[in-house]
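Let's take a walk through this structure together. Have a look around first, and then we'll start with a small puzzle.

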Amino acid sequence: MLANINPVFAVTSTESSKSELDYQLKSEEIIVAGFPRIFKDIINDADDIHRKIDRMRNREEMRSRRKKLQKEMKRRREQLEAARKAATERQIDEAERRRKYFDSLSPEEKQAYIKQQQELRQRETAAQLFMLGLFTHFLINDDGQTSQPVQNNHIYIYEK
């Protein structure tokens, strides 16, 4: 590449009154060979290094996040397992307590207890069916508008 560089300091005080053309004729041409390419290569190399460092940093951050997530998942699994175990133990204790109570009853009291438990289950089942019916009714009749009240001809009797 050829460049015509006219340095300001090349003009002496005696030549400052001369025309610009005379000044340009006295300046010399300087050949700059490959100098900008070296800078470009250095800048590209530095950019490549920065990109590699960024990729390594991103990979390390992802590894760190993955490890934290795995630790959190393991902690939650352990908590869930402990809760399940505690619930199972409570159910076992409750069943044992009921069995001991039942064993302590006389034959007549055992029959009354069995009947009471069956009635309790029937009431619970009836309540669940009632709630299921209401839920189904609202699902079927819910069209986004206010609907007229539905007359219910069914009578539900719950005995205690």
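How many residues apart are Arg99 and Glu96 in helix α2, and what does that mean in helical turns? They are three residues apart in helix α2, so about one helical turn separates them. Their side chains meet in a salt bridge, with 2.5 Å from N to O. Before going further, keep in mind that this is a predicted model.

**The overall layout**

Let's step back for a moment. The protein has three helices and two strands. Starting at the N terminus, the order of the elements is β-α-β-α-α. Helix α2 covers residues 35-104, and helix α3 covers residues 107-141.

How much of the protein is buried? Of its 160 residues, 2% are buried. The protein exposes about 15500 Å², and 56% of that comes from carbon and sulfur atoms. As for contacts between residues at least 6 apart in sequence, 42% of them join residues at least 24 apart.

**Salt bridges along helix α2**

Now back to the charged pairs. The count of salt bridges comes to nine. Arg99, the residue from our opening puzzle, also forms a salt bridge with Asp103, where the closest N and O atoms are 2.7 Å apart. Asp103 and Arg99 are both in helix α2, four residues from each other, which is about one turn of the helix. That gives Arg99 two partners to look at, Glu96 and Asp103.

Further back along the sequence, Asp48 and Arg51 bring their side chains together in another salt bridge, at 2.3 Å from N to O. These two are three residues apart in helix α2, so about one helical turn lies between them.

Here are the three pairs side by side:

| Salt bridge | N to O distance |
|---|---|
| Asp48 and Arg51 | 2.3 Å |
| Arg99 and Glu96 | 2.5 Å |
| Asp103 and Arg99 | 2.7 Å |

Are the residues in these pairs buried, exposed or something in between? Asp48 is partly exposed, at 33% relative accessible area, and Arg51 is partly exposed too, at 43%. Arg99 is partly exposed with 42%, Glu96 is partly exposed with 31%, and Asp103 is partly exposed with 43%. Relative areas between 20% and 50% count as partly exposed, so Glu96 at 31% fits that class.

Salt bridges don't have to come as isolated pairs, either: Glu72, Arg75 and Arg76 are linked in a network of them.

**Two patches on the surface**

Which residues gather in a patch of positive charge on the surface? They are Arg65, Lys67, Lys68 and Lys71. Take Lys68 as an example: its place is in helix α2, and with a relative accessible area of 59% it is exposed. The cut-off for exposed is over 50%, so Lys68 at 59% passes it.

The other patch is nonpolar. Leu129, Leu132, Phe135, Leu139 and Ile140 make it, and its area is about 570 Å². One of its members, Leu129, is found in helix α3. Is Leu129 buried or exposed? Leu129 is exposed, with a relative accessible area of 55%.

**Putting it together**

If you want a short tour to repeat on your own, begin at the bridge between Asp48 and Arg51, move to the positive patch that includes Lys68, and go on to the network of Glu72, Arg75 and Arg76. Then visit Arg99 with Glu96 and Asp103, and finish at the nonpolar patch that includes Leu129.

How values were computed:
Residues are numbered from 1 along each chain as its sequence is written. This is a predicted model: local features need pLDDT of at least 70, side-chain atom pairs count only at pLDDT 80 or more; totals for chains, interfaces and linings use all residues. Side-chain values use heavy atoms; hydrogens and water are left out. Patches are made of residues with over 30% relative accessible area and no salt bridge: like charges are joined within 9 Å, nonpolar side chains (Val, Leu, Ile, Met, Phe, Trp, Tyr) within 5 Å. Accessible areas come from the Shrake-Rupley method with a 1.4 Å probe; for residues, only the protein chains shown count as cover. A salt bridge is a side-chain nitrogen of Lys or Arg within 4 Å of a carboxyl oxygen of Asp or Glu. Lys and Arg count as positive and Asp and Glu as negative; His and the chain ends are not counted. The place of a charge is taken as NZ of Lys, CZ of Arg, CG of Asp or CD of Glu. Buried means under 20% relative accessible area, exposed over 50%, partly exposed in between (1.4 Å probe, protein chains only). Contact means heavy atoms within 4.5 Å.
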